[in-house]
Amino acid sequence: MLGLALILSYLSVHVNPEDLAFPAFFGLAYPYLLLVNIILVIIWAMLLRLEALISVVLIAAGFNHFLNYIQLFKTKENKEDTFRVISYNVHLFNYLNNKETSSQKKVFEFVKAHKPDILFIQEFYTGENPSKIKASINSATGLKYNTHLKILGNGKNRFYGIATFTRYPIINKGEIIHPHSSSLTTFTDIIIQKDTFRIYNNYLESFRLKRMERSFIEEITSTDDNESFSEVTKNLYSRLKKGFVNRSLQAQIVKDHIRKSPYPVIVSGDFNDTPVSYAYRKIRNGLNDSFVNSGYGAGFTYKGNYPPNRIDYILYDNKLINKYFEIIKVKYSDHYPIIAYFRKP
């Protein structure tokens with residue numbers, strides 16, 4: 001049964017959730033299904049049972065998915081003559097959790113310490129006019145950034161969205177519209193050492209669960225007045241399914257735009273989906289994943305109330321060489337920032 005679940009997780013990258021959503025749920029659970037199957041292999045091997053060999057075959061069939069999560073060999077650190085790219089979901093600087101413990105200052109100090117040449121921020125939040133953001137971050141970090149903001153407002157002098165900061169000249173800006181969604185994607189054309197590149201910043205559809213501050217267990221077991229367990233479970237399934245479907249549509253829109261780019265691309269951000277998903281496979285097709293190329297260890301980038309997983313990415317095409325990748329384990333958000341080092345051929 002658990003072997004079948006693992007097979008269904010493999011199917012999730014090929015089956016569009018809009019056509020059939022069922023496999024996507026198993027793709028979401030892939031790292032945990034893999035772990036359980038590995039434990040079973042050990043137990044069955046100790047008992048000298050044939051099931052051990054069957055499970056080994058099933059695990060081996062998904063080895064590429066395993067490598068999208070875990071890199072076994074450490075790449076030699078090489079940052080010479082590179083430019084640095086950081087992608088970071090800052091979780092609104094934790095402002096909605098507690099205004100007095102906003103993490104904005106710590107995030108800006110982190111940026112100042114790492115000096116990225118390109119900085120992608122998702123779930124950016126500010127209580128000031130967006131026109132002042134460039135001056136604010138330049139003052140806080142001591143760096144001189146050009147900015148591309150896609151900011152939404154709620155009418156109460158609170159603004160949120162995605163922000164791209166770069167030390168390179170910006171020659172063009174644009175955005176990709178995701179119909180009927182607050183998800184955001186921007187593209188920015190910049191000049192790096194006389195060559196033009198198009199860089200994408202993405203925040204794709206989240207699951208938008210009813211009680212995002214709770215864990216999955218609390219989501220399932222806690223009920224409001226007059227709300228039964230079956231209703232909670234049904235609601236959870238519906239929201240997860242909607243998230244899978246919407247991201248598949250958004251991934252197609254983003255990929256179509258990337259294919260038409262006249263310049264080499266870097267595609268980054270919070271995809272809100274794992275490496276064993278239709279959305280990730282759709283966007284990555286034809287691109288390289290900097291974690292897979294030069295990362296090390298477990299690639300989990302999300303560490304919130306829900307099970308840890310890898311949902312933040314920096315992808316790139318063959319016009320660039322990726323020299324190193326890191327996940328920085330700072331606790332200023334429910335995501336870890338990721339950093340990739342690139343150089344031109």
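Arg198 makes a welcome starting point in this predicted model: with a relative accessibility of 8%, Arg198 counts as buried, since the limit for that label is under 20%. Its side chain meets that of Asp189 in a salt bridge, with 2.7 Å from N to O. Asp189 is buried as well, its relative accessible area being 2%. In general, side chains of opposite charge can pair when their charged atoms come close.

The search of the whole structure finds ten salt bridges, and a few others deserve a visit. Asp273 forms one with Arg247, where the closest N and O atoms are 2.8 Å apart. Distant parts of the chain are linked by this pair, for Asp273 sits in the loop between E9 and H10 while Arg247 belongs to helix H9 (residues 229–259), 26 residues apart. Both Asp273 and Arg247 are buried. A further salt bridge brings together the side chains of Arg310 and Asp289, at 2.6 Å from N to O. Here too the pair links distant parts of the chain: Arg310 is found in the loop between strand E11 (297–298) and strand E12 (312–316), Asp289 in strand E10, and 21 residues separate them. Arg310 and Asp289 are both buried. Finally, Glu77, Lys79 and Glu326 are joined into one network by salt bridges that share partners.

The loop that holds Asp273 is also home to Asn272, between strand E9 (265–270) and helix H10 (278–284). Asn272 counts as buried because its relative accessibility is 14%. Leaving aside neighbours within four places in sequence, the residues in contact with Asn272 are Tyr203, Leu204, Glu205, Ser206, Arg247 and Ile311. Arg247 is thus a contact of Asn272 and the salt-bridge partner of Asp273.

Strand E9 takes part in an open sheet of six strands, ordered E6-E7-E8-E9-E12-E10, in which the pairing is mixed. Strand E6 (170–176) and strand E10 (288–289) stand at the edges with a single partner strand each, so one side of each has no neighbour in the sheet. Within this sheet, strand E8 (residues 195–203) and E9 run parallel and are joined by six bridges. One example is Ile199, whose bridge partner in E9 is Ile266.

There is another open sheet of six strands, again with mixed pairing, and its order is E4-E5-E3-E2-E14-E13. Its edge strands are E4 (146–153) and E13 (321–327), each of which pairs on one side only. From one strand to the next, the twist averages 20 degrees. Strand E2 (residues 83–89) and strand E3 (residues 118–126) run parallel, with five bridges between them. Asn89, for instance, has Gln122 in E3 as its bridge partner. Helix H6 (residues 104–114) packs on the sheet and touches both E2 and E3, its direction making about 165 degrees with that of E2.

At the surface, the picture turns to nonpolar side chains. Leu35, Ile38, Ile39, Ile42, Ile43, Met46 and Leu47 make a nonpolar surface patch of about 670 Å². Leu47 is placed in the loop between helix H3 (30–46) and helix H4 (51–61). With 53% relative accessibility, Leu47 counts as exposed, because that label applies over 50%.

Note on methods
Residues numbered from 1 in each chain as written. Predicted model: local features only at pLDDT ≥ 70, side-chain atom pairs only at ≥ 80, totals over all residues. Heavy atoms only, no water. Pairing = 2+ DSSP bridges. Helix = DSSP H or I, 4+ residues; strand = E, 2+ residues; numbered from the N terminus. Axes fitted to C-alpha atoms, helices over the stretch in contact; angles between N-to-C directions. Contact = heavy atoms within 4.5 Å. Patch = residues over 30% accessible without salt bridge, like charges linked within 9 Å, V, L, I, M, F, W, Y side chains within 5 Å. Areas by Shrake-Rupley, 256 points an atom, 1.4 Å probe, with all protein chains shown as cover. Salt bridge = Lys/Arg side-chain N within 4 Å of Asp/Glu carboxyl O. Buried < 20%, exposed > 50% of the residue type's maximum accessible area, 1.4 Å probe, protein only.
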